[in-house]
Amino acid sequence: VTDMSHYEYSYSESVERFVAMHRTLAQLDCSALLFVAGIDGREDPGSAKALNYLLSGHCGTGLQPILGSDSLDETMLLLHKGGCRLYCTPPVRRSLVTLTSQWPNVEWWCMTEKAFEDQDAFEAHKINAFKEMVRDQPVIAVPVPGDVRKSVEKWPMYSALI
């Protein structure tokens, strides 16, 4: 077993992985891929794997901290044909801004530090961001096993759309 605890994920590796994910998207019959971390995606292992792959340089279903201790639990990423839309907390954004600096067309949704401290404002911002992120994508694929509709309909973020 290789000790990956001191592995430094570079932005050039991140770009390579971003391009690889876009190649996957191009092969699918959809307009976007959606990854929702943590409880908002019902702890979906497919989303965790994809977010780890793109944002922390790791593989596996347990969300890995990025650049130290920032959790990806409140992260959503929509990879679409023209780029990506990324929702995260202020500490995660600070960690990711350099890593994603070479990704084409990144749109950020991130609340202010003050809103981040107010739980009601935080949840409202997250729901509004999710609605905006997916609004113009007619067909969105999500990495869930089995019946996708039944799985996604249980996601708290999906419930916010209806």
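1. Two rings of Phe, Tyr or Trp are called an aromatic pair here if their centres lie within 6.5 Å, and the pair counts as stacked if the planes are under 30 degrees apart. With that in mind, a search of the whole structure, which is a predicted model, turns up one aromatic pair. Its members are Phe18 and Trp103, with 4.5 Å from centre to centre and 25 degrees between the planes. Since 25 degrees falls under the 30-degree limit, the pair is stacked.

2. Where do Phe18 and Trp103 sit in the chain? Phe18 belongs to helix H1 (residues 11-27), while Trp103 lies in the loop between H3 and E4. The two are 85 residues apart, and the pair links distant parts of the chain. Buried here means under 20% relative accessible area. Phe18 has 2% relative accessibility, so Phe18 counts as buried. Trp103 has a relative accessible area of 5%, so Trp103 is buried as well.

3. Now for the overall layout. The protein holds seven helices and five strands. If you read along the sequence, the pattern is α-β-α-β-β-α-β-α-α-β-α-α. There are 162 residues in the protein, and buried residues make up 44% of them. Among the contacts with a separation of 6 or more, 58% come from residues 24 or more positions apart. The protein exposes about 8700 Å², and carbon and sulfur atoms supply 52% of that area.

4. The five strands form an open sheet in the order E4-E3-E2-E1-E5, with mixed pairing. Strand E4 (106-109) and E5 are the edge strands, each pairing on one side only. Helix H2 (residues 45-56) packs on the sheet and touches E1, E2 and E3. The direction of H2 makes about 100 degrees with that of E1.

5. Strand E1 deserves a look of its own. E1 spans residues 32-36, and five of its five residues are buried. Which residues cover the two faces of E1? Ala32, Leu34 and Val36 lie on one side, with Leu33 and Phe35 on the other, and all are buried.

6. E1 has a partner on each side, and the two pairings run in opposite senses: antiparallel with strand E2 (residues 76-80) and parallel with strand E5 (residues 140-141). The E1-E2 pairing has five bridges, among them Val36 with Met76 and Phe35 with Leu77. Two bridges join E1 to E5, and Leu33 stands opposite Ala141 there.

7. Is E2 enclosed or open? Five of the five residues of E2 are buried, so this strand is largely enclosed by the rest of the structure. Met76, Leu78 and His80 point one way from E2, whereas Leu77 and Leu79 point the other way. His80 is thus worth finding on your screen: this residue is buried along with its neighbours in the strand.

8. On its other side, E2 pairs with strand E3 (residues 83-87), in the antiparallel sense and over five bridges. The bridge partner of Leu78 in E3 is Arg85, and that of Leu79 is Cys84. A hairpin through two residues joins E2 to E3.

9. One backbone angle is worth a glance. Most residues other than glycine have a negative phi. Asn105, however, has a phi near 55 degrees, a positive value in a residue other than glycine. Asn105 is placed in the loop between helix H3 (90-99) and E4, the loop that also holds Trp103. Is Asn105 buried or exposed? Exposed means over 50% relative accessible area; Asn105 has 53%, so Asn105 is exposed.

10. A last side-chain detail concerns Arg93 and Trp108. The charged end of Arg93 sits over the ring of Trp108, 4.7 Å from the centre of that ring.

How values were computed. Residues are numbered from 1 along each chain as its sequence is written. This is a predicted model: local features need pLDDT of at least 70, side-chain atom pairs count only at pLDDT 80 or more; totals for chains, interfaces and linings use all residues. Side-chain values use heavy atoms; hydrogens and water are left out. Buried means under 20% relative accessible area, exposed over 50%, partly exposed in between (1.4 Å probe, protein chains only). Helices (H or I, at least four residues) and strands (E, at least two) are DSSP runs, numbered from the N terminus. Two strands pair if DSSP finds at least two bridges between them. Contact means heavy atoms within 4.5 Å. Axes are lines fitted to C-alpha atoms, for helices over the stretch in contact, and angles run from 0 to 180 degrees between N-to-C directions. Rings of Phe, Tyr and Trp (its six-membered ring) pair if their centres lie within 6.5 Å; planes under 30 degrees apart count as stacked, over 60 as edge-to-face and the rest as tilted. A charge sits over a ring if NZ of Lys or CZ of Arg is within 6 Å of the ring centre and within 35 degrees of the ring normal. Accessible areas come from the Shrake-Rupley method with a 1.4 Å probe; for residues, only the protein chains shown count as cover.
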